[in-house]
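Here's a structure to walk through together. Have a look at the sequence and the fold, and then we'll take things piece by piece.

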Amino acid sequence: MRPPLSKPAKCLVPYGEDGKQYESLRVLDLSAGGMAVMTHPEKFDLPLGRAIENCYLDLPGVGSVSVSLTVRHVDAVPKDEKARRCGCEFVDNAASINA
């Protein structure tokens, strides 16, 4: 499913050596097995095959869900040469909702 543009879903993904900085990525679509997010490599790059822990999926009207992701594919966005669509799989789906 695609989150409505009027209430976009976001995913906070840690980066940096200490993992204490977060980049807010727009969620393009979402399913039980994973999600696709929009990235801009000059700001933040999601490496293919990398597992990323301590992400926070913010679902408007639901709350924040802690998730771990593995980047499964990265595609260029046709209308924006600088943007990338990253398909991520949920791993260790013992997520908790913080409403």
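Is Cys86 buried or exposed? Cys86 turns out to be buried, with a relative accessible area of 1%. Keep that residue in mind, as we'll come back to it once the overall layout is clear.

First, a word on what you're looking at: this is a predicted model. The mean pLDDT of the protein is 83, and 84% of its residues reach 70 or more. That confidence isn't spread evenly over the elements: β3 has the highest mean pLDDT, at 92, while strand β7 (residues 97-98) has the lowest, at 46. Along residues 95-99 the pLDDT is below 50, and this stretch has 13 contacts in the model beyond near neighbours in sequence. So much for confidence; on to the fold.

What kinds of elements does the protein have, and how many of each? It has seven strands and zero helices. Reading from the N terminus, you simply go β-β-β-β-β-β-β. Among the contacts in the protein with a separation of 6 or more, 48% are between residues 24 or more positions apart. As for the surface, the protein exposes about 6200 Å², and carbon and sulfur atoms supply 50% of that. Of its 99 residues, 36% count as buried.

Now let's follow how the strands pair up. Start with β1 and β2, which pair in the antiparallel sense over six bridges. Within that pairing, Pro14 stands opposite Tyr22 in β2. These two strands make a hairpin with five residues between them, where Gly16 takes a positive phi near 90°. Carry on along the chain and β2 pairs with β3, again in the antiparallel sense, this time over four bridges. Here Asp29 has Ala36, in β3, as its bridge partner. β2 and β3 also form a hairpin, with three residues between them.

β1 has another partner further along the chain: three bridges join it to β4, and the two run antiparallel. Look for Leu12, which stands opposite Tyr56 in β4. β4, in turn, pairs with β5 in the antiparallel sense over seven bridges. The hairpin of β4 and β5 has three residues between the strands, and Gly61 takes a positive phi near 85° there.

Two residues of β5 are worth a stop. One is Ser64, which sits in strand β5 and is the bridge partner of Asp58. Ser64 is buried, with a relative accessible area of 19%. How far apart in space are Ser64 and Cys11? Their C-alpha atoms are 9.1 Å apart, although 53 residues separate them in sequence. The other stop is Thr70, also found in strand β5. Thr70 is buried, at a relative accessible area of 7%. Leaving out residues up to four places away in sequence, Thr70 touches Gly49, Arg50, Ala51, Gly87, Cys88, Glu89 and Val91.

What about the inside? The largest nonpolar core has 20 residues, and those with the most contacts inside it are Cys11, Val27, Met35, Val37, Leu46, Leu57 and Leu69. The elements that give two or more residues to this core are β1 (10-15), β2 (21-30), β3 (34-39), β4 (51-59), β5 (63-77) and β6 (80-91). Apart from it lies another core, of five residues, including Leu28, Ala36, Met38 and Ala83. You've met Ala36 already, as the bridge partner of Asp29.

That brings us back to the cysteines. A disulfide is a covalent bond between the sulfur atoms of two cysteines. How many disulfides does the model have? The count comes to zero. Why doesn't Cys86 form one? The closest cysteine sulfur to that of Cys86 is in Cys88, and at 5.9 Å it is too far for a bond, given that the two sulfur atoms would need to be within 2.5 Å. Cys55 tells a similar story: its sulfur is 4.9 Å from the closest cysteine sulfur, in Cys11, so that pair is too far for a bond as well. Cys55 is buried too, with a relative accessible area of 0%.

Terms used:
Residues are numbered from 1 along each chain as its sequence is written. This is a predicted model: local features need pLDDT of at least 70, side-chain atom pairs count only at pLDDT 80 or more; totals for chains, interfaces and linings use all residues. Side-chain values use heavy atoms; hydrogens and water are left out. Buried means under 20% relative accessible area, exposed over 50%, partly exposed in between (1.4 Å probe, protein chains only). Contact means heavy atoms within 4.5 Å. Accessible areas come from the Shrake-Rupley method with a 1.4 Å probe; for residues, only the protein chains shown count as cover. A nonpolar core is a set of buried Ala, Val, Leu, Ile, Met, Phe, Trp, Tyr and Cys residues joined through side-chain atoms within 4.5 Å. pLDDT is the predictor's confidence in each residue, from 0 to 100. Two strands pair if DSSP finds at least two bridges between them.
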